[in-house]
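Let's walk through this one as a quick back-and-forth. Have the structure open while you read.

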Amino acid sequence: MSRPDTDRLLLPDAEADVRPSPQGLAARRALLAHPVVLLIGIVLASVNMRAALASVSPLVGEISQSFGLSSTASSLVTSVPVLFLGLGALVAPWLARRFGSEPVLLFALLLLAVGIVVRVAPSAVALYGGGVLVGTAIALLNVLMPGLIKRDFPDRAASMTSVYTGAMIAGATLVAASSVPLEKAFGGSWEASLAVWSLLAVLAAVAWLPQVLIARGRTGHEVRVTVPAGSASGADKSVWRSALAWQVTLFMGLQSLWSYVLIAWMPTIFTDHGMSRSTAGVIFAFNNLIQVAGAFGVPLLAGRMRSQRPLIVLVTSLVAAGYAGLMAAPVSGAWLWSGVLGIGQGGAVGLALTLIVLRSGHARTAARLSGMAQTVGYLLAAAGPIAAGAVHEATGGWTVPIALVLGVCAAALTVGLFAARDRTV
């Protein structure tokens, strides 16, 4: 069968079930008459999509000492936001249909700023409660951004997707590299180092405000799309009962799991083997930066292949090799393993998102599969940092936790080979 135009048709869209009213169309045209404002808003919002997560990892040791946390409790600092990435994905489509993407994105950025501030309050409850707010806010950004780009840039969806993913990775890289230096600049205050990034979210919210004001006349979110008999609706209803959909979802979850283990623990693995915190933070930032290569390159290759099985083998092998390197020579080979892991991580997440598109026969199916993959995938991924921290605490080292992640790589390879077949849900 011929492949549909993925730029126009299949980019997951949280508003796939609604048709804009005439007032909504007029507001959208007014918004697109200010493309620079729109672009700045997208870039600044995207920079925040990983920043609040990446800022914590280099400071986990100091946070744990401040509250007297065990390794398992420390892992919750990063796992709680990931858990709510999945739970937040459940409500994002409903909010977008009810209120529109622009107001919900503004709310998400303000919620993110509040969550970052709450997280540094002098209370362990606030530490985790702020993580709930941060994870929910980022979930809204994750789900709504692809659909907004599809809606407003239908002829440039691929290039605009590159812009927002590049900004997202750039934000994570900047924050990861700056966390420890900022802590030192603020007199050893990890709280100030984390709190400063709330200003980035506020800046993005200010940049997004004009779009909300321009689009305030939109009233089309209550207009439901009528789907003809025999169209995509049958596929939509069966997505949770589709073996292929579960294979795509499990690959999404397993690759997210190995990534969030690194987000939570990579700097700690290095410092536990004698590396300075500053150097560990820089290498962690390098890992985030190098993900750009895989995130851009692998989806381009995937779109030109009927079966993506060779790419499944490539990205899982790179991640497995990087983890094995962390086990064998964590300090002497740190830059190499960080680079290998980064290419594999970026390639894996890009491939997982691309598989959602390629395995979907209709735009509505893509939206349903995206919601399923993000919800279940992030709920699965949230277990990774917790399990790694608990096993590290029980064994006193990182060999067993890394060995378990290698098992995750094997599972991802197995399920990925099924998900990469040239079929659609």
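Q: Is arginine 306 buried or exposed?
A: This is a predicted model, and the relative accessibility of arginine 306 in it comes out at 52%. The cut-off for exposed is over 50%. With that value, arginine 306 counts as exposed.

Q: Which side chain does arginine 306 meet in a salt bridge?
A: The N to O distance in this salt bridge is 2.6 Å, and the criterion asks for within 4 Å. The partner is partly exposed, with a relative accessible area of 33%. The side chain that arginine 306 meets is that of aspartate 422.

Q: How many residues apart in sequence are the parts that arginine 306 and aspartate 422 tie together?
A: Arginine 306 sits in the loop between helix 13 and helix 14 (309-328). Aspartate 422 is in the segment after helix 18, so the pair ties together parts of the chain whose separation in sequence is 116 residues.

Q: How many salt bridges does a search of the whole structure find?
A: One of them is the pair of arginine 306 and aspartate 422. Arginine 277 also meets glutamate 62 at 3.2 Å, N to O, and glutamate 183 meets arginine 277 at 2.9 Å. The search of the whole structure gives a total of three.

Q: Which residues are linked in a network of salt bridges?
A: Arginine 277 has a salt bridge to glutamate 62 and another to glutamate 183. That puts the arginine in both pairs. The linked residues are Glu62, Glu183 and Arg277.

Q: Which helices do glutamate 183 and arginine 277 lie in?
A: The two side chains meet in a salt bridge. They belong to parts that are 94 residues apart in sequence, so the pair ties those parts together. Glutamate 183 lies in helix 8 (residues 157-185), and arginine 277 in helix 13.

Q: What is the relative accessible area of arginine 277?
A: Its partner glutamate 183 counts as buried at 3%, and so does glutamate 62 at 16%, because buried means under 20%. Arginine 277 falls in the partly exposed class, with a relative accessible area of 28%.

Q: At roughly what angle do the axes of helix 17 and helix 18 cross?
A: Helix 17 spans residues 383-395, helix 18 spans residues 399-419, and their axes come within 8 Å. The contact involves Ala388, Val391, His392 and Thr395 on helix 17, and Val400, Pro401 and Leu404 on helix 18. By class, that is five nonpolar, two polar and no charged residues. The axes cross at roughly 145 degrees.

Q: Which helix gives the largest share of the nonpolar patch?
A: The patch on the surface is made of Leu83, Leu87, Leu90, Val91 and Leu379, with about 370 Å² of accessible area together. Leucine 90 is exposed, with a relative accessible area of 51%. The largest share is four residues, and it comes from helix 5 (residues 71-99).

Q: What share of the accessible surface of the protein chain belongs to carbon and sulfur atoms?
A: The protein chain has 18 helices and zero strands, and buried residues make up 57% of its 425 residues. Its accessible surface comes to about 15900 Å². The carbon and sulfur share of that surface is 69%.

Note on methods
Residues are numbered from 1 along each chain as its sequence is written. This is a predicted model: local features need pLDDT of at least 70, side-chain atom pairs count only at pLDDT 80 or more; totals for chains, interfaces and linings use all residues. Side-chain values use heavy atoms; hydrogens and water are left out. Axes are lines fitted to C-alpha atoms, for helices over the stretch in contact, and angles run from 0 to 180 degrees between N-to-C directions. Helices (H or I, at least four residues) and strands (E, at least two) are DSSP runs, numbered from the N terminus. Contact means heavy atoms within 4.5 Å. Ala, Val, Leu, Ile, Met, Phe, Trp, Tyr, Cys and Pro count as nonpolar, Asp, Glu, Lys and Arg as charged, and the others, Gly among them, as polar. Patches are made of residues with over 30% relative accessible area and no salt bridge: like charges are joined within 9 Å, nonpolar side chains (Val, Leu, Ile, Met, Phe, Trp, Tyr) within 5 Å. Accessible areas come from the Shrake-Rupley method with a 1.4 Å probe; for residues, only the protein chains shown count as cover. Buried means under 20% relative accessible area, exposed over 50%, partly exposed in between (1.4 Å probe, protein chains only).
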